[in-house]
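Okay, everyone, thanks for coming. Let me put the model up and then we'll walk through the side chains.

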Amino acid sequence: GRRRLERRRLRAARDLQRVWRGYRERRFYVRDIRAKRQRNAAVALQRSTRGFLARQHFREKLLVRWQEKAPVLIQRCWRRHWCESRYKKWTAALSTLNSSATKIQAVWRGHFYRRFLAADVAEWLRAQNRSADRVRLSIALRQAHSR
């Protein structure tokens, strides 16, 4: 008897402890899962909020930066346009000057060759005619002597 009763009491105590521990663990497990889910949800919410705020801050800084840079950008574009238009006008004027200078040089060269070289050419032509006259004269003299 007694031993048997003692074993039953021990087995009952063991079963009671086992059931109690299982219940307690399941309760803690469910509580832990809920807490973990809540923590994860809070972390996700915080992460989304921080990301949204960071993006918003970045957009605002970018907008401010562009607003600060806009006048400089407009000035730079205007100055570039102004310089390019002045350069085009200048090159067009220079081209006109170059073509005018070329025309003047061509007229001067023609005048120079006609005026100063014409005398030399005339002299050369006269010399050519004289030598041709001499050749013709010598041919005529030979023909006259051979008759």
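Before anything else, a bit of vocabulary: when I say buried I mean under 20% relative accessible area, exposed is over 50%, and partly exposed is what falls in between. With that in hand, take Cys83: its relative accessible area is 45%, so Cys83 is partly exposed. And keep in mind throughout that this is a predicted model.

Let's stay with the cysteines for a moment. Cys77 comes out at 47% relative accessibility, so Cys77 is partly exposed too. How many disulfides does the structure hold? Zero. Why no bond for Cys77? Well, the closest cysteine sulfur to that of Cys77 belongs to Cys83, and that's 12 Å off, too far for a bond. For a disulfide you'd want the two sulfur atoms within 2.5 Å. Looking from the other end, Cys83 has its closest cysteine sulfur in Cys77, again at 12 Å, and again that is too far.

Right, on to charges. There are five salt bridges in the structure, and I'll show you some of them. One of them joins Asp15 and Arg18, with 3.2 Å from N to O. Both residues sit in helix H1, which runs over residues 2–146, and they're three residues apart, about one turn of the helix. Are these two buried or exposed? Asp15 is at 32% relative accessibility, so Asp15 counts as partly exposed. Arg18 reaches 56%, so Arg18 goes down as exposed.

Now scroll along to Glu123. Which residues are linked with Glu123 in a network of salt bridges? Arg126 and Arg130. For the bridge between Arg126 and Glu123, the closest N and O atoms are 3.4 Å apart. For the one between Arg130 and Glu123, that distance is 3.5 Å. Arg126 and Glu123 are three residues apart in helix H1, so about one helical turn separates them. As for accessibility, Glu123 is at 40%, so Glu123 is partly exposed. Arg126 has a relative accessible area of 44%, which means partly exposed as well. Arg130, with 40%, also gets the partly exposed label.

Next, the rings. A search of the whole structure turns up three aromatic pairs. One of them is Trp108 with Phe112: the centres are 6.4 Å apart, the planes make an angle of 35°, and the pair is classed as tilted. If you're wondering about the two values, a pair of aromatic rings is described by the distance of the centres and the angle of the planes. Why tilted rather than stacked? Stacked requires planes under 30 degrees apart, and edge-to-face over 60, so the rest are called tilted. Trp108 and Phe112 are four residues apart in helix H1, about one turn of the helix. Phe112 has 32% relative accessibility, so Phe112 is partly exposed.

There's another ring to point at, Phe28. Where does Arg27 lie relative to Phe28? Over the face of the ring, 5.7 Å from the ring centre.

Then have a look at the surface around Trp66. Phe58, Leu62, Trp66 and Leu73 make up a nonpolar patch there, and together they have about 400 Å² of accessible area. Leu73 is in helix H1. At 32% relative accessibility, Leu73 is partly exposed.

Last stop, Ser138, which is also a residue of helix H1. Its relative accessible area is 26%, so Ser138 counts as partly exposed. How far apart are the C-alpha atoms of Ser138 and Phe112? They're separated by 38 Å, with the two positions 26 residues apart along the chain numbering.

That's my tour, so over to you for questions.

Key
Residues numbered from 1 in each chain as written. Predicted model: local features only at pLDDT ≥ 70, side-chain atom pairs only at ≥ 80, totals over all residues. Heavy atoms only, no water. Salt bridge = Lys/Arg side-chain N within 4 Å of Asp/Glu carboxyl O. Helix = DSSP H or I, 4+ residues; strand = E, 2+ residues; numbered from the N terminus. Buried < 20%, exposed > 50% of the residue type's maximum accessible area, 1.4 Å probe, protein only. Phe/Tyr/Trp six-rings, centres within 6.5 Å; stacked < 30°, edge-to-face > 60°. Lys NZ or Arg CZ within 6 Å of the ring centre and 35° of its normal. Patch = residues over 30% accessible without salt bridge, like charges linked within 9 Å, V, L, I, M, F, W, Y side chains within 5 Å. Areas by Shrake-Rupley, 256 points an atom, 1.4 Å probe, with all protein chains shown as cover.
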